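Visitor: Got a minute to walk me through this one? I'd like the overall picture, then a few residues.

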Amino acid sequence: MATVKRDNRLTRSQSFLCVGFAGVFSKTVTSPLEVVKILSQVGTFHCKRGFINSFLLLYNREGLRAFWKGNSVSCLRLFPYSAIHLGTYKKIVHLHMDELGRISQWRAIVAGGLAGISAALLTYPLEVVETRLIAQNCRESTYKGVLHALSSIYQKEGFLALYRGFSLTILGAVPFSIGCYVVYINLDKLWQEHHFRFSSFQNFINGCLAAGVAQTLSFPFETIKRKMQAQSPFLPHCGGVDVHFTGMVNCFKEVIKTKGMLSLWSGFTANTVKIVPYYGLLFSCFEMCKQICLYQNGYIVSPLSYKLKPGVDQSLGPHELQEFKRYLRNRKLQAQSSSMGNRW
């Protein structure tokens with residue numbers, strides 16, 4: 001997956017806010033594609049006529065705001081998910097480092113997969129709510145918001161309903177990690193140079209390729225997961241799911257039996273189209289926020305460029321740089337005071 005590298009010139013809170021804002025912005029802009037993808041996975045009537053017609057039908061039935069159904073809960077989930085994922089990933093990587101502080105690419109990817117499962121476990125109820133909000137008609141809504149959806153699901157269907165389909169997150173992590181690994185071990189051959197020399201643009205392309213391959217392999221698991229999340233006997237038309245099933249294995253069988261094998265990749269077109277704009281916005285927005293923070297911290301001359309400030313040691317952390325500036329100011333004041341004393 002595409003990630004943004006930690007810059008030691010930013011504080012932890014600045015890094016977290018930059019990643020959070022970039023994630024929220026990219027999710028919000030690409031939300032129409034995400035909505036159509038999830039509706040296709042669930043199998044609602046909106047997506048029976050193809051990719052383009054899905055947008056037209058959704059707009060005609062529910063209006064423009066339908067393209068941002070579930071976006072608020074998706075953005076809300078982003079912050080705890082990112083914090084848990086990052087914290088867990090660092091701990092796992094630290095445990096598997098050798099005496100020189102290095103870790104193999106395969107172990108790093110596995111660590112990312114395990115961290116993703118941990119983060120998903122604690123934020124999964126919000127993902128279920130997101131699917132329910134997207135699957136419902138926003139003009140005839142059953143759920144009035146995030147809290148109402150959480151309480152309604154818990155009261156009517158029980159606590160386990162908030163984790164329906166979670167096992168597919170674990171199963172899907174296996175092909176997802178394999179896809180990432182296959183891409184990353186071939187990057188040196190693709191660019192014909194070592195990975196530590198890759199430019200920002202090359203890293204962006206690498207992230208898109210890894211996401212495309214990994215999501216292609218894990219997509220069937222996500223499709224079944226979305227159907228399990230959406231299905232409920234307490235909702236109109238059982239939540240809009242296009243097949244009736246009693247469990248995970250039965251859902252796979254019914255989908256393949258009634259819709260065919262390729263239906264496990266329903267919504268794949270919307271997902272593929274989403275990859276480049278999503279990661280493009282994620283990277284560019286993060287870089288924009290990073291420049292503002294670096295300017296505020298005193299490392300660059302302008303928030304509009306990466307031109308380094310003359311005389312500033314870029315290896316110092318933000319707090320170290322502030323301490324050094326404070327030391328120089330105090331030293332300058334002491335020099336001025338001593339020169340005035342000598343005059344008298």
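**Cysteines, fold and a few residues**

Guide: Let's start with a cysteine. Cys 138 is buried, with a relative accessible area of 12%. Keep in mind that this is a predicted model.

Visitor: And Cys 75, buried or exposed?

Guide: Cys 75 is buried, at a relative accessible area of 10%.

Visitor: How many disulfides turn up in the whole structure?

Guide: Zero, after a search of the whole structure. Cys 75 is in no disulfide. Its nearest cysteine sulfur belongs to Cys 285 and is 12 Å away. The cut-off for a disulfide is 2.5 Å between the sulfur atoms, so that pair does not qualify.

Visitor: Okay, fold next. How many helices and strands does the chain have?

Guide: There are twelve helices and zero strands. Read from the N terminus, the elements go α-α-α-α-α-α-α-α-α-α-α-α.

Visitor: What does the C-alpha trace span?

Guide: About 95 × 45 × 35 Å along the principal axes.

Visitor: What share of the residues is buried?

Guide: Of the 344 residues in the chain, 44% are buried.

Visitor: And the surface: how much area does the chain expose?

Guide: About 19,100 Å². Carbon and sulfur atoms supply 63% of that area.

Visitor: What about contacts across the sequence?

Guide: Take the contacts with a separation of 6 or more. Residues 24 or more positions apart account for 69% of them.

Visitor: Charges? How many positive and negative ones are there?

Guide: The chain has 39 positive and 18 negative charges. The mean positions of the two sets are 4 Å apart.

Visitor: Now single residues. Where is Arg 226?

Guide: Arg 226 is in helix α9, which covers residues 200-230.

Visitor: Is that side of things buried or exposed for Arg 226?

Guide: Buried. The relative accessible area of Arg 226 is 5%, and the cut-off is under 20%, so Arg 226 falls in the buried class.

Visitor: Which side chain does Arg 226 have a polar contact with?

Guide: The side chain of Thr 131, at 2.7 Å. Leaving out residues up to four places away in sequence, Arg 226 also touches Glu 34, Glu 127 and Glu 130, among others. Ile 38, Gln 41 and Val 42 are on that list too.

Visitor: There's another arginine I wanted, Arg 9. Where does it lie?

Guide: In the segment before α1, and α1 is residues 12-29. Arg 9 counts as buried, at 14% relative accessibility.

Visitor: What does the Arg 9 side chain make a polar contact with?

Guide: With the side chain of Gln 314, at 2.8 Å. Apart from neighbours within four places in sequence, the contacts of Arg 9 include Lys 290, Leu 294, Asn 297 and Tyr 299. Leu 308, Leu 316 and Pro 318 are also among them.

Visitor: Switching to the backbone. Which loop holds His 237?

Guide: The loop between α9 and α10, where α10 is residues 248-259. His 237 has a positive phi of about 55°, although this residue is not a glycine.

Visitor: And what about Cys 238?

Guide: Cys 238 is in the loop between α9 and α10. Cys 238 also has a positive phi, about 55°, and is not a glycine.

Visitor: How accessible are His 237 and Cys 238?

Guide: His 237 counts as exposed, at 70% relative accessibility. Cys 238 counts as partly exposed, at 25%.

Note on methods. Residues numbered from 1 in each chain as written. Predicted model: local features only at pLDDT ≥ 70, side-chain atom pairs only at ≥ 80, totals over all residues. Heavy atoms only, no water. Buried < 20%, exposed > 50% of the residue type's maximum accessible area, 1.4 Å probe, protein only. Helix = DSSP H or I, 4+ residues; strand = E, 2+ residues; numbered from the N terminus. Contact = heavy atoms within 4.5 Å. Areas by Shrake-Rupley, 256 points an atom, 1.4 Å probe, with all protein chains shown as cover. Lys, Arg positive; Asp, Glu negative; His and termini not counted. Charge placed at Lys NZ, Arg CZ, Asp CG, Glu CD. Polar contact = N/O pair within 3.5 Å; in protein donor to acceptor, adjacent residues only side chain to side chain.
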